[in-house]
Amino acid sequence: MLTIGLTGGIGSGKSAAADAFRALGINVVDADWAARVVVQPGQPALADIAAHFGAEILLENGALDRAKLRGLVFESAGERTWLEALLHPLIREEIVRALAASTSPYAILESPLLIESGQYRLVDRICVVDVPENLQVERASNRDQSDPEGIRKIIAAQIPREERLAKADDILDNSGDLAALQAQIEPLHQRYLKLATTD
Ligand code: ADP
């Protein structure tokens, strides 16, 4: 089945684009969702993480303290590598399962780290949602009620815009309003439908 990878930096409008594809009847698998599923209580990966970082990495209810873990791996490249080696194959399995259950003419994998994580290998085409960095910062900080500096740090940790664009098969320019985004998605959807039938 034809699978499109939908990616873009933080605040670029991935969720907005994914919603528009969903409204057209397309199944969207969210890589962030898969990343949460594999560390839910009862999952083996959560026990591995607690054994590695200590029980302080768990909240009182036994769930993962995601903010604490994020802080730890942000500070240490070694810990990040350890965590990625544990989680990436599991997340990939979860994504493959969800994509296989998809029933629409083509499916979308929405992933902020499609390129960085190697998940692009699971898709046939890469669609990048693109905006200038100042808009990314403005929209993401408004959405998350967070300070622009924090957003800039996240952007700096992601693949540079030009590199991401160089990998794109299709580009959605989201520097306009939501109607302008929608106007680009409809023809792209038609193109994907055509590709799906000739696949
Ligand atoms: P991402 O999923 O890539 O992090 P979102 O889709 O959440 O980005 O978009 C970031 C924020 O910007 C959200 O609050 C969203 O509603 C808003 N947004 C997205 N696209 C537009 C647009 N074209 N015009 C105005 N606001 C937008």
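A polar contact is a pair of N or O atoms within 3.5 Å, and the legends below apply that cut-off to a predicted model.

**View 1. Polar contacts between the ligand and Gly-11, Gly-13 and Lys-14**. In this predicted model, an oxygen atom of the ligand lies 3.0 Å from a polar backbone atom of Gly-13, a distance that falls within the 3.5 Å cut-off. A backbone N or O atom of Gly-11 is 2.9 Å from an oxygen atom of the ligand, whereas for Lys-14 the side chain supplies the N or O atom, at 2.8 Å from a ligand oxygen. Of the 560 Å² that the ligand exposes when taken alone, the protein buries 76%.

**View 2. The shell of residues around the ligand**. The ligand is surrounded by 14 residues, of which Gly-11, Lys-14, Ser-15, Arg-143 and Asn-174 are the closest. By residue class, the shell comprises seven polar, four charged and three nonpolar residues. Two helices, α1 (14-23) and α6 (133-144), each contribute at least two residues to this shell, and α1 gives the most, with three residues.

**View 3. The largest pocket, in which the ligand sits**. The space in this pocket amounts to about 1700 Å³, and among its 44 lining residues those closest to the centre are Asp-32, Arg-70, Pro-112, Leu-113 and Gln-158. The lining divides into 18 nonpolar, 14 charged and twelve polar residues.

**View 4. Helices that line the largest pocket**. At least two lining residues come from each of α1, α2 (31-37), α4 (66-75), α5 (77-100), α6 and α7 (148-157). Within the lining, α5 gives the most, with six residues, while in the shell around the ligand that place belongs to α1. Both α1 and α6 thus appear in the pocket lining and also supply residues of the ligand shell.

Key:
Residues are numbered from 1 along each chain as its sequence is written. This is a predicted model: local features need pLDDT of at least 70, side-chain atom pairs count only at pLDDT 80 or more; totals for chains, interfaces and linings use all residues. Side-chain values use heavy atoms; hydrogens and water are left out. A residue is near a molecule or strand if one of its heavy atoms lies within 4 Å of it. A polar contact is a pair of N or O atoms within 3.5 Å; within protein, one must be able to donate a hydrogen and the other to accept it, and residues adjacent in sequence count only if both atoms are side-chain atoms. Accessible areas come from the Shrake-Rupley method with a 1.4 Å probe; for residues, only the protein chains shown count as cover. On a 1 Å grid over the protein atoms alone, a cavity is a set of points where a 1.4 Å probe fits but cannot get out, and a pocket is an open set with protein on both sides within 12 Å along at least five of seven lines; lining residues have an atom within 4 Å of a point. A molecule sits in a cavity or pocket if more than half of its atoms lie within 2 Å of its grid points. Helices (H or I, at least four residues) and strands (E, at least two) are DSSP runs, numbered from the N terminus. Ala, Val, Leu, Ile, Met, Phe, Trp, Tyr, Cys and Pro count as nonpolar, Asp, Glu, Lys and Arg as charged, and the others, Gly among them, as polar. Grid points are joined across faces, edges and corners, and a volume is the space filled by probe spheres set on the points.
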